[in-house]
Amino acid sequence: MYYNWKETTNTEELKIVCNLIKNGEIVIFPTETVYGIGANAFDEKAVGKIFMAKGRPSDNPLIVHIADKRMITDIAKEITEVEQKLIDHFMPGPFTLILKKTDKIPNIVSAGLETVAIRMPNHVIARGIIAFSGVPIAAPSANISGKPSGTTVEDIRKELEGKVSAIVDGGETEIGLESTVVKVIDEIPCILRPGKISVEDIRNVIGVAELGNGIFKPIDESEEVESPGLKHKHYAPNKPAQLMYSENENDLIFEINRLIKSYKGDVILLGFEEHREKIIISEQRFINLGSKENLEQIAQNLYSALRKSDELAGQLIIIEGVKKEGLGIAIMNRLLRSCGYQYEEF
């Protein structure tokens, strides 16, 4: 079933969607970050349907979404003062916190770990579905595992329709990148997966925060991880991709043009609108990421641009990178993963 809630939420349809969740079915719904594919987090069989629909590896934990802070007590325990401060400041929002889980959370949700990832979305549709379902909802991004996440229903409908019981269309998501995932280690918040909420944002609240080791380099496939999106092929288009960046704009454009000229095949470029006229590529093979001065716009466009690149005829995708600071850390994390760490910096 498809429900269009772009303009307003239909109360009768909301009841149907929530009953599906309560009865062990899976549903696609929007959040402020990306679309999620969710099930009752307490229902092991229902959560298993998510893994089947996505083709998701069983060692990749899910995030449990809640409607209000009172739901945390059923999911997590032994919350420290630092963890509570993070909850109070960043929830609701694009923020996920790793906590010790209660026995109510099935092992399939946490990939057999003793921890669980919890998030309270800041999106009226997502919060409404969770609240009226009356249960927390385990939900990874709505996409086939390994592919770019969905920021519109149009991006994901073909690959997931028929694998879920309902699709709720809330229009384009606001942020476009998944939430920041944090674990507190020895009283220090550590960002395991970067997102809109930056290390600087957390330092402003706690006084200290660190970036995890796996932000800009691959993680061993055999290693246990407590956050989704850290290992396995992820965010990737079908074609090979090359990520390129330089703080010197002229050097970057020169190297991109050099690669386009030398490559023995058709090239697609995901680039910035300011560089369009300076790069020797046809209009049809240029995908606009937005302005190089607007990281929020780039983040919102990123996954749709990666998906669009698969629709064009070409053997190589070249992608312009951004500086690794602020939101740029999250953007470069996703691009490095999508390119299989094929990266050149000049």
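How much space lies in the second largest cavity? About 40 Å³. Here are my notes on this one, point by point.

1. First, the caveat: this is a predicted model, so read everything below with that in mind.

2. Overall shape. The chain has 346 residues and a radius of gyration of 20 Å, which agrees with the value near 20 Å that a compact globule of that length would have. If you're setting up a box, the C-alpha atoms fill roughly 60 × 45 × 35 Å along the principal axes. Buried residues account for 58% of the chain. On secondary structure, you'll be looking at 11 helices and 17 strands.

3. The cavities. There are two of 30 Å³ or more. The largest holds about 210 Å³ of space. Its lining runs to 20 residues, and the ones nearest the centre are Ile-63, Ala-139, Pro-140, Ser-141 and Glu-178. The character of that lining is mixed: eight nonpolar residues, eight polar and four charged.

4. Back to the second largest cavity, the one I opened with, at about 40 Å³. Ile-191, Pro-194, Gly-195, Ile-197, Ser-198, Val-199 and Leu-211 line it, together with Gly-326, Ile-329 and Ala-330. No charged residue features here; the split is seven nonpolar and three polar.

5. The largest pocket. The volume comes out at about 330 Å³, and the lining has 13 residues, with Asp-155, Glu-159, Arg-307, Lys-308 and Glu-311 nearest the centre. Two elements give two or more residues to this lining, namely helix 7 (153-160) and helix 10 (295-311). Helix 10 gives the most, with six residues. Have a look at the chemistry too: nine of the lining residues are charged, against two nonpolar and two polar.

6. Rings and charges. Searching the whole structure turns up two aromatic pairs. Charges over rings are found as well. In one case, Lys-324 places its charged end over the ring of Phe-216, 4.5 Å from the ring centre. In another, the charged end of Arg-276 sits over the ring of Phe-286, and there the distance to the centre is 5.1 Å.

7. A cis peptide to keep an eye on. The bond joining Met-91 and Pro-92 is cis, with omega about 5 degrees. Pro-92 itself is in the loop between helix 4 (81-90) and strand 6 (95-101).

8. Backbone angles, part one. Which residue has a positive phi of about 55 degrees although it is not a glycine? That's Ala-111, which you'll find in the loop between helix 5 (107-110) and strand 7 (115-119). Buried means under 20% relative accessible area. Ala-111 has 24% relative accessibility, so it counts as partly exposed.

9. Backbone angles, part two. Glu-187 has a positive phi too, near 70 degrees, and it is a residue other than glycine. The loop in question links strand 10 (180-185) and strand 11 (188-193). With 45% relative accessibility, Glu-187 counts as partly exposed, because the exposed class takes residues over 50%.

10. If you only have a minute, I'd open the viewer on three places: the largest pocket, with nine charged residues in its lining; the largest cavity, at about 210 Å³; and the cis bond between Met-91 and Pro-92.

Terms used. Residues are numbered from 1 along each chain as its sequence is written. This is a predicted model: local features need pLDDT of at least 70, side-chain atom pairs count only at pLDDT 80 or more; totals for chains, interfaces and linings use all residues. Side-chain values use heavy atoms; hydrogens and water are left out. On a 1 Å grid over the protein atoms alone, a cavity is a set of points where a 1.4 Å probe fits but cannot get out, and a pocket is an open set with protein on both sides within 12 Å along at least five of seven lines; lining residues have an atom within 4 Å of a point. Grid points are joined across faces, edges and corners, and a volume is the space filled by probe spheres set on the points. Ala, Val, Leu, Ile, Met, Phe, Trp, Tyr, Cys and Pro count as nonpolar, Asp, Glu, Lys and Arg as charged, and the others, Gly among them, as polar. Rings of Phe, Tyr and Trp (its six-membered ring) pair if their centres lie within 6.5 Å; planes under 30 degrees apart count as stacked, over 60 as edge-to-face and the rest as tilted. A charge sits over a ring if NZ of Lys or CZ of Arg is within 6 Å of the ring centre and within 35 degrees of the ring normal. Helices (H or I, at least four residues) and strands (E, at least two) are DSSP runs, numbered from the N terminus. Buried means under 20% relative accessible area, exposed over 50%, partly exposed in between (1.4 Å probe, protein chains only). The radius of gyration is taken over C-alpha atoms; the globule rule is 2.2 Å times the number of residues to the power 0.38.
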